[in-house]
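User: Please take a close look at one sheet in this model, and add what can be said about burial and cysteines.

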Amino acid sequence: MIQIFSDGSDRPSLVHRFDSPARHPHFPLSLLRLLLLPHPRLRPPHPPLTVHSVLDPLTSSPLPFSLSSPHSGPLSLDARGLTVHSVLDPLPFSLSSPEPIKGCHLTLTLSNHSSVVIVYTTAPTASALQWLSPPQTFNKTLPFVYTQCQAIHARSVFPCQDTPAARVCYSARLNVPRQLSTVMSARHVDRRDPIAGEGSLLECGDGAWCAEGRTVEEFVMEQPIPPYLFAFAIGELGFREVGPRTRVYSEAVPAVLEAAAKEFASAEDMIRQGEALFGPYEWERFDLLVLPPSFPYGGMENPRMTFLTPTVLKGDSSGAQVVAHELAHSWTGNLITNQTNEHFWLNEGFTTYAERRIVEAVQGEDRAALNIGIGWRGLNKEMERFKDNLEFTKLKTNQEGVDPDDVYSEVPYEKGFQFLWRIERQVGRPAFDEFTKKYIATFKFKSIDTETFLEFLKSNLPGIEKEIDLTLWTEGTGIPPDAYEPVSSIYTKIISMANEFKLGRMPSEDEVADWGGMEWELYLENLPKSIEASQILDLNARYSLSESKDYEVKVAFLLLAIASKCKDHYAEVEKTLKAVGRKKYLVPLYTALVEGPGKEEEKILAKRVFAEARETYHPIAQGVVETILSKHI
C-alpha cells in the first residue's frame, strides 16, 4: 500500500504497485499496494483522493479511488506506455493520442463521485524500471530491479502528475520474495509476514499476497517530494554502517560493501558541514545504495536513499565527491525544486555550488579548486557540443517538444555554479552564506522558477542587478565574460604541464607521484586532441592509464586514443562500453566513435558494441545512445 499526498498543483498524482513482466522469468511476482491521499498541509484544487493501485503486466489491474467528498469535474494524469482498460462505476475517460516524449493525458470525468476504479497495465519496457536477470548483477545468483524516474519517467510506470511542480508523500507495503530485500526513498517501518486480507483488493487475490516464501516491507515518506524522487530497489542486499545517519547498501557482495564503506567513510562529516552551511538536514537518514553497473547516472538524490553508480568506488575516497553532490541536493533540489525542467539549473547549479563548499570544508581548498577546474573544462566542451543549438547553453531554456534526456548536459551544473560563484565574489562569502540560508528556509518544500529566484535575489541583495547582468547570465547564450576560471597552485601547475605536452614533454614520475584521479583527469582533459597515436602509446606505457580503476581517468584517456585513431586501445574502448552503463561515459565514447569524417571502421565498432551491450543498459541510456547512432550512422 502506498499513500501519496498531493500538493497544490493542478492535478493529483499516483504511485504504483509493480509486478515482474513475463519476459523477466528470473523475477518472481512482486506486489505493491498503493494508497493516495491529499497532504493535509496542502490544498489541491482537485478533491482529496484515496487510491489503491495494482500493476500487473500480465493482467489488467484495478486502481480504486476513494474521495473524501463527492466531486464533479475532470481529473487529468500523465501516462506513457500504460494500457488503460476501463474506469469502473463505469465512468467516462479519455486517453489522448500518444506523443513520443510526453506520452498521453489520461482524463477522467467525475460526476458527484466519491470513488472510482482505474484498471490498467504497464508495458514491460517502462523506461523508469530496469529489470536485471542474475547474470547482470554482481552476485550472479538472484535478480534485481530498480527505478529511475528523473526526469519524466514516473509516468511510464503509474499514472501521475509527472512534474517537479507537484509534491507528494507516500507510504508503501511491498510484497517480495523472502530472499530479497527492498529499499525506498522513504523511512523503513517494518519487515514482516503477509497478513490475511491485505491482498483482497489485488486482482491476483489474497492467495498470491500470502503465498509461501513472501514477505512484506513497509515504508513511509512523510515529507512532500516531487514524483521524480519516488524510488525503490529490490535485490539481494547487504549493508555496512558508516555513520550515525548513514548506511551503505549494495548487493550482498563483501568486496563491494567494504569498498563502499571505505570510500564513503566521511559521510557524517559532510552532513555536518552541509548543516553548518545550509541549515538543518531535514531527511533524518542519508543512506546510500551502490547499484549494479547499468545505473545510468553518477548518483540520484532520492531522499533518504541516494542511488550511486559503482564507478564511484575508486579506492581513494575521491568518489565521495559524488556523494557530496547528492547530499547537497538534500537542500537544493529536494527541499527546493525547479518548477519545470526548463529551470533545471536551480537544482543543479545550486547543488554544484553546495557540493564544492562541502568538499572545500572536508577535503581542502586545493581539492575544491581541482573540482572547479574539471567543471570549467566540461562547461567549455558543452559550448562546443551545442554550438549549433545555443538554446541549451542558457540557464533558463525552452524545452517545448524536447526530451530532457536528449539535452542533458553540464551546462545547468557548471554555468549555474559559475553564476552563483559570481554572486558570491560580488557580495562576499559571509553575505552570500546568509542569503543562501534564508533562500532555503523561505522556499523549502516548494517548487520555484528562475523569475522567483531572481526577485528573491534582488530583494535580499539590493543593487545586485546593477553589478551583475542577471538577464545575460540566465537568458543569454554561451559563457558570460565575467565567468571565472579557478586559480590555485596545483591547478595552474597541471594546466602548464598539459600545455608542455604539446611541445613533446611528458610528465616525469616524480611530478605525478602524488597525483590521484582528479589530477590525472584534469591533465588529460587539457591535452590537445590532435595527439599522435605514438604519443598515446608512450603515455600509456609509462602510466597504464587505460587500466585505471578510476573511470574518469580511463575514459578521458580512451577519448584521446579514439581521437588519435590509436587502434591498440579500441579493445579497451569496447570492454569499457560493455562494463558500465553510466551515461557520462557512454555518451562521449559513442560520440567519439561515430562523429566526424573518416570514421567508417569506428562506426562499425560502435554499432556492433551497442547491439551486443544494449540489453545491459538502462532504458534511458539505450535511448540516448540510439539517438547518437541514428544521427551519425
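Analyst: The sheet comes first, then a helix, then the cysteines.

This is a predicted model, in which local features need pLDDT of at least 70 and side-chain atom pairs count only at pLDDT 80 or more, while totals for chains, interfaces and linings use all residues. Residues are numbered from 1 along each chain as its sequence is written, and side-chain values use heavy atoms, with hydrogens and water left out.

The sheet is open and has 4 strands in the order S7-S8-S13-S10, with antiparallel pairing. Strands here are DSSP runs of E with at least two residues, and helices are runs of H or I with at least four, numbered from the N terminus; two strands pair if DSSP finds at least two bridges between them. At the edges lie S7 (129–132) and S10 (181–184), each of which pairs on one side only. From one strand to the next, the twist averages 10°, an angle between N-to-C directions of lines fitted to C-alpha atoms, on a scale from 0 to 180 degrees.

Strands S8 (residues 144–147) and S13 (residues 232–235) run antiparallel and are joined by 2 bridges. Val145 has Ile234 in S13 as its bridge partner.

Helix H4 (residues 320–328) is largely enclosed by the rest of the structure, because 9 of its 9 residues are buried. Buried means under 20% relative accessible area, exposed over 50%, and partly exposed in between, with a 1.4 Å probe and protein chains only. Among the buried residues of H4 are Gln321, His325 and Glu326.

The whole structure has 0 disulfides, a disulfide being a pair of cysteine sulfur atoms within 2.5 Å. For Cys160, the closest cysteine sulfur is in Cys149, 7.8 Å away and too far for a bond. Cys160 is buried at 0% relative accessibility, and Cys104 is buried with a relative accessible area of 11%.
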